[in-house]
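Got the model open in your viewer? Here is a short tour, stop by stop, with something to select at each one.

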Amino acid sequence: MTMKSAAVSAWLFTLSAVVVMAQAQRDVSLVITNGIVVTVDGGNRILNPGAVAIDGSDIVAVDTTDNVRRQFRGRQTIDAAGQVVMPGLVNTHTHAPMVLYRGLADDLALDEWLTKYIFPAEAKTVSPEFVRAGTRLAALEMIESGTTTYADMYYFEEEIAKETKAAGLRGVLGQTVIQFPVADAKTPAEGLARAERFILAFKNDPLITPAVAPHAIYTNDSATLKAAREMSTRLGVPTIIHVAETQSEAITAKERGSATVISYLDSLGFLGPGVVAAHAVWVNDSDMALLKSRGVGVSHNPESNMKLASGIAPVKAYLAANVAIGLGTDGAASNNDLDMFGAMRAASFLQKVATSDPTAVSAKTAVQMATIGGARALGMDKQIGSLEPGKRADVIIVSMSAARQTPMYDPLSHLVYVTRGDDVQTTIVNGKVLMRDRKVLTLDRAAVLRDAKTWAGTVSAAVAR
Ligand SMILES: [Zn+2]
């Protein structure tokens, strides 16, 4: 072979390889390249530079940028150079519309805060319109701070579901059932009937998982608790409940013949898969064993627990016992924001000081709790919580360029110890871009803020005496 013909055949070979590559490339809806991809998968892989290919609602590839580029061509592309690409955050416990009570009453214990301020304010202001305006504000805050799935417990939950869908977020939304008359139900029976209608209306929705939410044991009698749990089992949906948030909750359990809140709920046959127990602060070893053996998910809300001085959940022990535990913010009236980066940082710091063990909740563990741990607690870890092919495309892109984020040795450390919700640049849920480069695409930001300020006037008037 002459030099010339060798060059020609090499050129032909290269050309044919390019043709084969082009033919093999699959068209997909979105490709994110060049990021620091924190997968939170089984091996906790971090790919740098990594890429994620998304088609429709699903993740189809998570790999190095070179490998993904070779196989996929995105109709839309995002260059995430220098930024972290990670699973969207899962807020396992909140009351979305309560953002409209943000800062209304602070520096109080749960009992006084609830009975003197929150329940009276709710009695005078909660309506479908209030709940819709509050949910839009909460959705705006969640999208802007990287939350892609949230678990909720409130009133008029069907209105919350409509606004959540319109904003493009994923929600596990629990219709409240409570013993005393509230805005959307005069009796617990009405609340249960409302919950059933809501569940049937939203069952099988791609974004909404409807649920029933008996508020707590101290706000429901045993018949109501049993009926709520029976409904959730019958309809195959989650049950969301506040559990052992404060030490005094045990008094109710003792009055009803059980030593602890958890043993009381178990005596009712309440505990099982699909139950999401918010807080679970005051638990003993046998309670913890029950939560594990019954397959209950736990939502840890460190900022709310600290602000209301409710106590410190034994998170280190939960993790050691392999209980499904995620993080939550709780409602904005007791936090006072919905920033899951704050929840990660608080969970880590609080557990370190509570156990005198700086390794109790590491940065890596905090990131897991805010993503795959939350997904497990909500029974959704097959669908969300990590960046893996076959899962729903719930993805966030987080800037790492602030002075406080410089330099960066370890992205997990930065995500927990220096990053804030406002560092999130892009939020994607179910493959749809809800915010790109800080611009929210599914909500009219100015109108949402204007409505919230208008409602604040109504709230102020309602609590003035
Ligand atoms: Zn709560």
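A word on the labels: helices here are DSSP runs of H or I with at least four residues, strands are runs of E with at least two, and both are numbered from the N terminus. Keep in mind, too, that you are looking at a predicted model.

**Stop: the zinc ion**

Select the zinc ion and show the side chains around it. You should find H93, H95 and H242, each coordinating through NE2, and D330 through OD, at 2.1 to 2.4 Å. Along the chain these donors are spaced as H-x1-H-x146-H-x87-D. H242 sits in strand β10 (residues 239-243) and D330 in the loop between β13 (325-327) and α13 (340-355), so this pair ties together parts that are 88 residues apart in sequence. Switch on a surface and check those two: both H242 and D330 are buried. If you add angle labels, the four donor atoms give values of 85 to 174°, and the site is irregular.

**Stop: the largest cavity**

Stay with H95 and H242, then add M98, L114 and H215: of the residues lining the largest cavity, these five lie nearest its centre. The whole lining takes in 23 residues, and the volume is about 210 Å³. Colour by element and look for α3 (110-125) and β7 (147-154), which each give two or more residues to that lining. The top contributor is α3, with six residues. By type, the lining splits into twelve nonpolar, eight polar and three charged residues.

**Stop: the second largest cavity**

How many cavities of 30 Å³ or more does the structure hold? There are two, and the second largest has a volume of about 30 Å³. To find this one, select its lining: Q175, T176, V177, I178, V182, D184, A185, T187, P188 and G191. Strand β8 (170-177) and helix α6 (188-202) each supply at least two of the lining residues, with β8 giving the most, three. Here the mix is five nonpolar, four polar and one charged.

**Stop: helix α14**

Now select residues 363-377, which make up α14, and look along the helix: there is a bend of about 50° at M369. Eleven of the 15 residues of α14 are buried, so the helix is largely enclosed by the rest of the structure. Among the buried ones are V367, M369, G373 and G374. Past the end of the helix comes G379, with a positive phi near 70°.

**Stop: backbone oddities**

Most residues other than glycine have a negative phi, and most peptide bonds are trans. The following spots depart from that.

- Zoom in on N48 and P49: the peptide bond joining them is cis, with omega about 0°. P49 belongs to strand β2.
- While you are in β2 (residues 46-55), click on G50. It counts as buried because its relative accessibility is 0%. Draw a distance from its C-alpha to that of V84, 34 residues away along the chain, and you get 9.6 Å.
- Another cis bond links N335 and N336, with omega about 10°. N336 is in the loop between β13 and α13.
- V40 has a positive phi near 50° and sits in the loop between β1 (26-38) and β2. Buried or exposed? At 5% relative accessibility, V40 counts as buried.
- N204 has a positive phi as well, near 70°, in the loop between α6 and β9 (208-214). With 73% relative accessibility, N204 counts as exposed.

Notes. Residues are numbered from 1 along each chain as its sequence is written. This is a predicted model: local features need pLDDT of at least 70, side-chain atom pairs count only at pLDDT 80 or more; totals for chains, interfaces and linings use all residues. Side-chain values use heavy atoms; hydrogens and water are left out. Donors are N, O and S atoms within 2.8 Å of the metal (3.2 Å for Na, K and Ca); water is not among the atoms, so sites may look incomplete. Four donors count as tetrahedral if all angles lie between 85 and 135 degrees; four count as square planar and six as octahedral if opposite donors are over 155 degrees apart and all others between 65 and 115; anything else is irregular. Buried means under 20% relative accessible area, exposed over 50%, partly exposed in between (1.4 Å probe, protein chains only). The bend at a residue is the angle between axes fitted to the seven residues ending there and the seven starting there. On a 1 Å grid over the protein atoms alone, a cavity is a set of points where a 1.4 Å probe fits but cannot get out, and a pocket is an open set with protein on both sides within 12 Å along at least five of seven lines; lining residues have an atom within 4 Å of a point. Grid points are joined across faces, edges and corners, and a volume is the space filled by probe spheres set on the points. Ala, Val, Leu, Ile, Met, Phe, Trp, Tyr, Cys and Pro count as nonpolar, Asp, Glu, Lys and Arg as charged, and the others, Gly among them, as polar.
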